[in-house]
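Let's take a walk through this structure together. Have the sequence and the 3D view open, and we'll go from spot to spot.

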Amino acid sequence: MLKRAFFSVILALLAIFFVDYFVGISPIRTSKNSEEYSKDTLLAKPILKYGIPVDSFYIEKGSLRYGQTIGNLLLDLNVDPEVVNSLTLVSADSFDPHKFKAGNHYEVFRTRDTLAAVRYLVYEDSPVDFVIFDISDTLAIYPFKKEVTTVRRVDESAITSSLWETMKQKNINPMLALELSDVFAWTVDFFGLYPEDKFKVIYDELYVDSLPVGLGTIHAAWFEHRGEKFYAFRYEQDSVASYWDEKGNSLRKSFLKAPLRFSRISSRFSGRRFHPVLRIYRPHSGVDYAAPAGTPVMAIGDGVVIDKGYNESAGYYIKIRHNSVYTTGYNHLSRFGKGIAEGVRVKQGDIIGYVGSTGYATGPHLDLRFWMNGKPVDPLKVKSPPVEPIRPENLEKFRQAITPIIYQLDSITPAGDSLRASR
């Protein structure tokens, strides 16, 4: 009897197994598959743009027309006038309406139904900064920043013409020319570059959505100018970052090499020069920089404005006393910089005026004068003293920091072609 019962149970279990295996009606397996499907569905992330799920909307693109405001744009998009008025009141507290410029792009997010109602308007202030107008249940305006990716670059080249043109030819961001000119402003004469001059630079380039949007920090650079080599290393001393040479001397000197960026010398310091207006020979105790009218003129060093005015010869002019030894003058200006007046203290690099052709001038240029102990000297031959170097207690750490960078710079051989690398 027990044997029959035992065999009956065995046969029943075998029957269940075969039905489950071949027919596939197991409730346990079905439940498990359902759980996995539900989990995959829940884990599927929506595609976001500006933090908005784009799958839920139709997107239209456009750009602001001249004279068009955000309010007018929303009305043109058939947004309810009362909503536009409320949104305008919200924006009055948060955003200056004058910041929205004609030509800047925007995107409109519409619902995916027959109404195609506007729910978001995204205004592009820059490739990084955006303003989102939320027109959903609760009206709101808030900023949005895209993620900026930093890529380390190494570039090098021999100079073919100007630094700017060389970088364009080598497919390097030409704005790097301006940055390098700032780093080496006190050591390299960018108005007199030679075709044999060379540079190497380690810097950061900034990207948004895989598109370059600007330059970051220059970490180190090397410039060979007229056979002389100059290093620049970015290093912090007392929490202030600056550029130093390989010996720890600051690249920032008491005076800039020139008061203008990327111009050219049209006339040098001379004891006998033929004056183009007066048509006579007489001394020229300055250096003329030819540049387009309106080009900003910078103070080449810290100091105090001791004279500002106009005369028949110099036109609009400014004089700056830098210390008990040096004074500089800036002639033929078209106008003065904002806030420039006698007794005003200026910093190196401050814009003090703009290139013009006032006074005895045949064309727009700046006549730079330099006096040492009251006597005129050639501005191009003034030896500018450096500012405070790396202090002795910081020198060992500085050397340790720059040693691998020197090796990296020296291992790159400028061959006329740009070497682009990232790490």
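We'll start with Asp-129, which counts as partly exposed because its relative accessibility is 26%, between the 20% and 50% cut-offs. Keep in mind as you look that this is a predicted model. Asp-129 has a charged partner: its side chain meets that of Lys-145 in a salt bridge, with 2.4 Å from N to O. Asp-129 belongs to strand S6 (residues 129-134) and Lys-145 to strand S7 (residues 140-145), so this pair, 16 residues apart, links distant parts of the chain. Lys-145 itself is exposed, at 59% relative accessibility.

What lets such partners get together? Side chains of opposite charge can pair when their charged atoms come close. Across the whole structure, a search turns up 12 salt bridges. Let's visit a couple of others.

Look for Arg-65 and Asp-76, whose side chains form a salt bridge of 3.5 Å, N to O. Arg-65 sits in the loop between strand S3 (57-63) and helix H3 (70-76), while Asp-76 is in helix H3, so the pair ties together parts 11 residues apart in sequence. With 51% relative accessibility, Arg-65 counts as exposed, whereas Asp-76, at 47%, counts as partly exposed.

Now jump along the chain to Arg-391, which makes a salt bridge with Asp-238; their closest N and O atoms are 2.7 Å apart. Arg-391 lies in the loop between strand S24 (375-376) and helix H7 (392-410), and Asp-238 in the loop between S11 and strand S12 (240-244), so this bridge ties together parts that are 153 residues apart in sequence. Arg-391 is partly exposed, with a relative accessible area of 21%, and Asp-238 is exposed, with 53%. The pair also has company: Asp-238, Glu-388, Arg-391 and Glu-393 are linked in a network of salt bridges.

Next, let's look at some buried residues. Val-84 is in helix H4 (residues 81-94), and at 6% relative accessibility it counts as buried. Leaving out residues up to four places away in sequence, Val-84 touches Gly-71, Leu-74, Leu-75 and Val-79. Take Leu-74 as one of these: it is 10 residues from Val-84 along the chain, and their C-alpha atoms are separated by 6.7 Å.

A charged residue can be tucked away here too. Arg-153, in strand S8 (residues 149-158), is buried, with a relative accessible area of 15%. What does the side chain of Arg-153 make polar contacts with? One partner is the side chain of Glu-205, at 3.5 Å, and another is the side chain of Tyr-207, at 2.5 Å.

Our last stop is the largest pocket. Rolling a probe the size of a water molecule over the atoms shows where empty space is left. Here, the largest pocket holds about 840 Å³ of space. Its lining is made of 33 residues, with Trp-186, Thr-187, Phe-230, Lys-257 and Lys-383 lying nearest the centre. That lining divides into 16 nonpolar, 5 polar and 12 charged residues. Strands S11 (228-237) and S23 (365-372) each supply at least two of them, and S11 gives the most, with 4.

Zoom in on Thr-187, in the loop between helix H6 (175-183) and strand S9 (198-208). Is Thr-187 buried or exposed? At 15% relative accessibility, it counts as buried. Setting aside neighbours within four places in sequence, Thr-187 is in contact with Phe-230, Leu-251, Lys-253 and Lys-257.

Methods: Residues numbered from 1 in each chain as written. Predicted model: local features only at pLDDT ≥ 70, side-chain atom pairs only at ≥ 80, totals over all residues. Heavy atoms only, no water. 1 Å grid on protein atoms, 1.4 Å probe; cavity = no way out; pocket = protein on both sides within 12 Å on 5 of 7 lines; lining within 4 Å. Points joined across faces, edges and corners; volume = space filled by probe spheres on them. Helix = DSSP H or I, 4+ residues; strand = E, 2+ residues; numbered from the N terminus. Nonpolar A, V, L, I, M, F, W, Y, C, P; charged D, E, K, R; others polar. Buried < 20%, exposed > 50% of the residue type's maximum accessible area, 1.4 Å probe, protein only. Contact = heavy atoms within 4.5 Å. Polar contact = N/O pair within 3.5 Å; in protein donor to acceptor, adjacent residues only side chain to side chain. Salt bridge = Lys/Arg side-chain N within 4 Å of Asp/Glu carboxyl O.
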